[in-house]
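Visitor: Please take one part of this model and look at it closely. I would like to follow the charged side chains and the framework that carries them.

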Amino acid sequence: MQKVSLAMLSIVAGCGTAVAQQAPAETSIPFVSSIGSVEWERASDNALYVRGGNGRWYFVRTMNRCTRLRTSLALGFETSALDQLDRHGAILVQGQRCPVESVTRSDGPPRKARRQAS
């Protein structure tokens with residue numbers, strides 16, 4: 001009976017590590033302040049997609065709601081000394097400072113569905 005329960009325990013433990021490995025890895029956006037024109041798109045009140053200077057997309061989640069993202073046409077970045085945006089930085093939007101919770105790689109914003117001609 002112990003052999004069976006140990007085998008089951010190892011299977012369950014293996015499932016737990018597989019789920020943990022699927023979570024996106026924390027990263028940073030290099031040289032974000034050096035990018036002339038930053039392409040970005042709001043995902044929600046506390047998240048946005050940002051295209052780095054290397055052409056890659058990143059998903060940036062803020063610690064709190066950043067409601068001014070809804071109407072903003074521009075934003076700024078509070079970065080580290082190495083000019084990279086990471087979880088120690090912030091998004092600056094119309095005078096509001098939104099601390100960053102996480103930065104992960106992304107495929108970019110979801111594509112919008114095309115409207116059907118009536």
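**Charged side chains and their framework**

Guide: Start with Asp-45. Its relative accessibility is 15%, which is under the 20% limit, so Asp-45 counts as buried. Keep in mind that this is a predicted model.

Asp-45 has a charged partner. Arg-42 forms a salt bridge with Asp-45, and the closest N and O atoms are 2.8 Å apart. The two ends of this bridge fall into separate accessibility classes. Arg-42 has a relative accessibility of 32%, so it counts as partly exposed. Asp-45, at 15%, is buried.

The pair does not stand alone. Arg-42, Asp-45, Arg-65 and Arg-70 are linked in a network of salt bridges. Take Arg-70 from that group. It is found in the loop between strand 4 and strand 5. Its relative accessible area is 48%, so Arg-70 is partly exposed. Along the chain, Arg-70 and Asp-45 are 25 residues apart. In space, their C-alpha atoms are separated by 7.3 Å.

How many salt bridges does the whole model hold? The count comes to 5. Two further ones deserve a look.

One joins Arg-51 and Glu-39. Their side chains meet at 3.0 Å, N to O. This pair links distant parts of the chain: Arg-51 lies in strand 3, Glu-39 in strand 2, and their positions lie 12 residues apart in the numbering. Arg-51 has a relative accessible area of 29%, so it is partly exposed. Glu-39 stands at 40%, so it also counts as partly exposed.

The other joins Glu-78 and Arg-97. The closest N and O atoms are 2.6 Å apart. Again distant parts of the chain are linked: Glu-78 is in strand 5, Arg-97 is in strand 8 (residues 96–106), and the two are 19 residues apart. Glu-78 has a relative accessible area of 31%, so it is partly exposed. Arg-97 reaches 45%, so it falls in the partly exposed class as well.

Now the framework. The chain has 1 helix and 8 strands. Read from the N terminus, the helix comes at the start and the strands follow, as α-β-β-β-β-β-β-β-β. Of these, 6 strands form an open sheet. Their order is 2-3-4-8-7-5, with antiparallel pairing. Strand 2 (39–44) and strand 5 (76–78) are the edges, each pairing on one side only. Neighbouring strands of the sheet are turned by 35° against each other on average, direction ignored.

Place the bridges on this map. The Arg-51 and Glu-39 pair runs between strand 3 and strand 2, and strand 2 is an edge strand. The Glu-78 and Arg-97 pair runs between strand 5 and strand 8, and strand 5 is the other edge strand.

Move inward to strands 3 and 4. Strand 3 (residues 47–51) and strand 4 (residues 57–62) pair in the antiparallel sense over 5 bridges. Within this stretch, Val-50 stands opposite Tyr-58 in strand 4. Tyr-58 brings in another charge. The charged end of Arg-105 sits over the ring of Tyr-58, 5.9 Å from its centre.

A covalent link also reaches strand 8. The model has 1 disulfide. Cys-66 and Cys-98 form it, with their sulfur atoms 1.9 Å apart. Cys-66 lies in the loop between strand 4 and strand 5, Cys-98 in strand 8, and the two are 32 residues apart. The torsion about the S-S bond is about 75°, so the disulfide is right-handed. Both Cys-66 and Cys-98 are buried. The loop of Cys-66 is also where Arg-70 is found.

For contrast, look at an exposed residue. Leu-82 is in the loop between strand 5 and strand 6 (84–85). Its relative accessible area is 61%, so Leu-82 is exposed. Leu-82 and Val-32 are 50 residues apart in sequence, yet 9.8 Å apart in space, C-alpha to C-alpha.

One figure for the whole chain puts Asp-45 in context. Buried residues make up 32% of the 118 residues. Asp-45, at 15% relative accessibility, counts as buried, and it belongs to the salt-bridge network with Arg-42, Arg-65 and Arg-70.

Key
Residues numbered from 1 in each chain as written. Predicted model: local features only at pLDDT ≥ 70, side-chain atom pairs only at ≥ 80, totals over all residues. Heavy atoms only, no water. Pairing = 2+ DSSP bridges. Helix = DSSP H or I, 4+ residues; strand = E, 2+ residues; numbered from the N terminus. Axes fitted to C-alpha atoms, helices over the stretch in contact; angles between N-to-C directions. Salt bridge = Lys/Arg side-chain N within 4 Å of Asp/Glu carboxyl O. Buried < 20%, exposed > 50% of the residue type's maximum accessible area, 1.4 Å probe, protein only. Lys NZ or Arg CZ within 6 Å of the ring centre and 35° of its normal. Disulfide = S-S within 2.5 Å.
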